[in-house]
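Subject: Structure for your review

Dear colleague,

Please find below the structure for your consideration. I would be grateful if you could read it together with the notes that follow it.

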Amino acid sequence: MSHKRPEHSLPPELYYNSDEAKKYSSNSHIIDIQTRITERALELLALPEDEACMVLDIGCGSGLSGETITENGHHWVGVDISKDMLEVALDREVEGSLVLGDLGCGLPFRGGSFDGAISISAIQWLCNADRSSQNPIARLRRFFVSLYSSLTRGARAVLQFYPESIVQADLLQNEATRAGFTGGLVIDYPNSTRAKKYFLVLDVCSTRRIPQPLTENNEMSNHNRNKLETLRECRQMKKLPKHSVAWIKQKKQRARDQMKEVARDSKYTGRKRRAKF
């Protein structure tokens, strides 16, 4: 008997109810997988290493992927259709800003608001009609057009998803191209049934080369593997990664508690200074 896909059970705002949201956000196996996929998405996003960028987290859920964005030194805004998931994110006191919204109705952001965007296991939900009035094609078009306008010129979006079929993967790629994106599909571990991951890597006004997929002979770089291990250890020990934005803010707050004079926090907190010549 085949396993029923979540998007065939209920609409996402009903499927991820209070119980499911809490269970999803406290499962160590899910957290580990989410962290690994988000790290890979950020690697594909290829943001500048010398500055903190503003990232859009599409289908942010309870903020698991957002935490990884924070730990990598970037700021983020998350949007999700599940109110219960966002309430769990608030309870977990994530660093990002949270927006309740339906991706199929378009993203509610001004043009050029984000330096990049990621999505983990979310956009396949747009391929289903939860009621007779919904048209999946129209919803996909609104999503991709609004995503394109929300990003700055030269920005990139990395959307990880689980396609039900090759036809569905082609549909997503075609609608992204129709909206103006360049880029394509990156399939990590294409010969593995369990490890295979699909990433739609999309660029705005850019002709950057599509990144190479990971294979059994081409693993994640040592730098990113070591960073992932550090993040995992920090989470297990409930510590903040050293020199992350959250770590810096915590250190500044400790100094304030000791009645020391400390510069106020701003959007530039934690950003690396560019070299002067």
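The notes below proceed from the whole chain to one helix pair and two residues.

This is a predicted model, in which local features need pLDDT of at least 70 and side-chain atom pairs count only at pLDDT 80 or more, whereas totals for chains, interfaces and linings use all residues. Residues are numbered from 1 along each chain as its sequence is written, and side-chain values use heavy atoms, with hydrogens and water left out.

Overall

The protein has nine helices and seven strands; both are DSSP runs numbered from the N terminus, helices being H or I over at least four residues and strands E over at least two. Of its 277 residues, 46% are buried, where buried means under 20% relative accessible area, exposed means over 50% and partly exposed lies in between (1.4 Å probe, protein chains only). The exposed surface of the protein comes to about 15300 Å², with 50% of it supplied by carbon and sulfur atoms; areas follow the Shrake-Rupley method with a 1.4 Å probe, and for residues only the protein chains shown count as cover. Taking contacts (heavy atoms within 4.5 Å) between residues at least 6 apart in sequence, 67% join residues at least 24 apart.

Helix 6 and helix 7

The axes of helix 6 (residues 136–150) and helix 7 (residues 166–178) come within 9 Å and cross at roughly 50 degrees. Axes are lines fitted to C-alpha atoms, for helices over the stretch in contact, with angles from 0 to 180 degrees between N-to-C directions. The two helices, helix 6 and helix 7, are therefore oblique to each other, since angles under 35 degrees count as roughly parallel, over 145 as roughly antiparallel, 65 to 115 as roughly perpendicular and the rest as oblique. Helix 6 contributes Ile137, Leu140, Arg141 and Phe144 to the contact, and helix 7 contributes Leu171, Leu172, Glu175, Ala176 and Arg178.

Two buried residues

Ser65 lies in helix 4 (residues 64–71) and is buried, with a relative accessible area of 1%. Beyond its neighbours within four places in sequence, Ser65 contacts Gln34, Thr38, Asp57, Cys60 and Ile120.

Val88 belongs to helix 5 (residues 83–91) and counts as buried at 10% relative accessibility. Setting aside residues up to four places away in sequence, Val88 touches Ala21, Lys22, Ser25 and Ser62. Val88 and Lys22 are 66 residues apart in sequence, with their C-alpha atoms 6.7 Å apart in space.

With kind regards
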